[in-house]
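Ready for a few warm-up exercises? Take a look at what follows, then work through the tasks one by one.

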Amino acid sequence: MKIILISSFRLINPQHCIPTLVDNGFALWESRAICAYLAEKYGKDDKLYPKDPQKRAVVNQRLYFDMGTLYQRFADYYYPQIFAKQPANAENEQKMKDAVSFLNTFLGGHKYVAGDSLTIADLTVLATISTYDVAGFDLSKYPHLNPQHCVPTLVDNGFALWESRAIMCYLVEKYGKPAQIESLYPTDPQRRATVHQRLYFDMGTLYQRFGDYYYPQIFEGAPANELNYVKIGEALTFLDTLLEGEQFVAKGNAISLADISVYATLTTFEVAGYDFSTYGNVHRWYKSVVDCIPGAETNRSWAEAARPFFDKVKH
């Protein structure tokens, strides 16, 4: 067994979270990105992580659903009670039940989470559902365009897909020219794994913490939660570290889907009035890539439409 000192671990993974994989010097964290990388790099076939764009897109969507909805809502309900000794929140409990209902709908008529064969989506969802089971959640009550009713949703010749990051990956794989694919969503397992990790970081940390602070104030009239505000700063610190000495979010010498996704998130930060100029690497990157981001102005115009809501929020 190899022992890694905490100081060394933080150099490998600036978020210093687990699990973290080091494969011949290549460091990667976020369990779902690790699963995809291992399947691509060492799998004897593509059954666990299909190469077909539509099949892979469904797997990706389920992975993002697992991280951003199924597991997140579990944590939102249970963890405040466990770690902060707070009373149970009935609204969060209902949201958790809704998430399991979505999963129940996905599984209608299917043996597996992302179709008719076992994939890495089953592995990650099983880990989450096992945690539900251990926590005492009653799963027995949970014996088709978009059951989550969320936007954006893509319908491509009858193939329906939702969750923006999964949609981006699908569109590039299905319709991208070879040079575009190699830049935006590289086929090399390590480079693609880094893109995946950054996309999961964007969804599960950067955007999630933004939403945790701003949205309760906007949609529920809740008071500002200072701890959640601090967590936004922590997320930006992680991003700042990732960008140290790098031109792009997922390293490399060209823009990737990770840059597009993170740029959209930070545009929302900016419109909300959050000042991230003190994070030097983030601020440099944000200003330098604007001309490279497809649809940057369209994204900004939609974000600007939400400014009146953010103007009411405490900063």
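Buried here means under 20% relative accessible area, exposed means over 50%, and partly exposed is in between. Keep in mind that you're looking at a predicted model.

**Exercise 1.** Work out how much of the protein is buried and whether its overall build is as compact as a globular protein of that length.

*Solution.* Start with the cut-off: under 20% counts as buried. By that count, 46% of the 315 residues are buried. Next, list the parts: the protein has 13 helices and four strands. The radius of gyration is 19 Å and the globule rule gives 20 Å for 315 residues, so the protein is as compact as a globular protein of that length.

**Exercise 2.** Find where Asn-24 and Lys-251 sit, and sort each as buried, partly exposed or exposed.

*Solution.* First, the places: Asn-24 is in the loop between β1 and β2 (26-29), while Lys-251 is in the loop between α9 (226-242) and α10 (257-271). Now the accessibility. Asn-24 comes out at 76%, so it's exposed; Lys-251 comes out at 43%, so it's partly exposed. One more thing to spot: neither is a glycine, yet phi is positive, about 55° for Asn-24 and about 65° for Lys-251.

**Exercise 3.** Which residues make up a nonpolar surface patch with Leu-123?

*Solution.* Begin at helix α5 (residues 120-134), where you'll find Leu-123. Its relative accessible area is 39%, so Leu-123 is partly exposed. Its patch partners are Leu-48 and Leu-118, and together the three have about 230 Å² of accessible area.

Conventions
Residues numbered from 1 in each chain as written. Predicted model: local features only at pLDDT ≥ 70, side-chain atom pairs only at ≥ 80, totals over all residues. Heavy atoms only, no water. Patch = residues over 30% accessible without salt bridge, like charges linked within 9 Å, V, L, I, M, F, W, Y side chains within 5 Å. Areas by Shrake-Rupley, 256 points an atom, 1.4 Å probe, with all protein chains shown as cover. Salt bridge = Lys/Arg side-chain N within 4 Å of Asp/Glu carboxyl O. Helix = DSSP H or I, 4+ residues; strand = E, 2+ residues; numbered from the N terminus. Buried < 20%, exposed > 50% of the residue type's maximum accessible area, 1.4 Å probe, protein only. Rg over C-alpha atoms; globule rule 2.2 N^0.38 Å.
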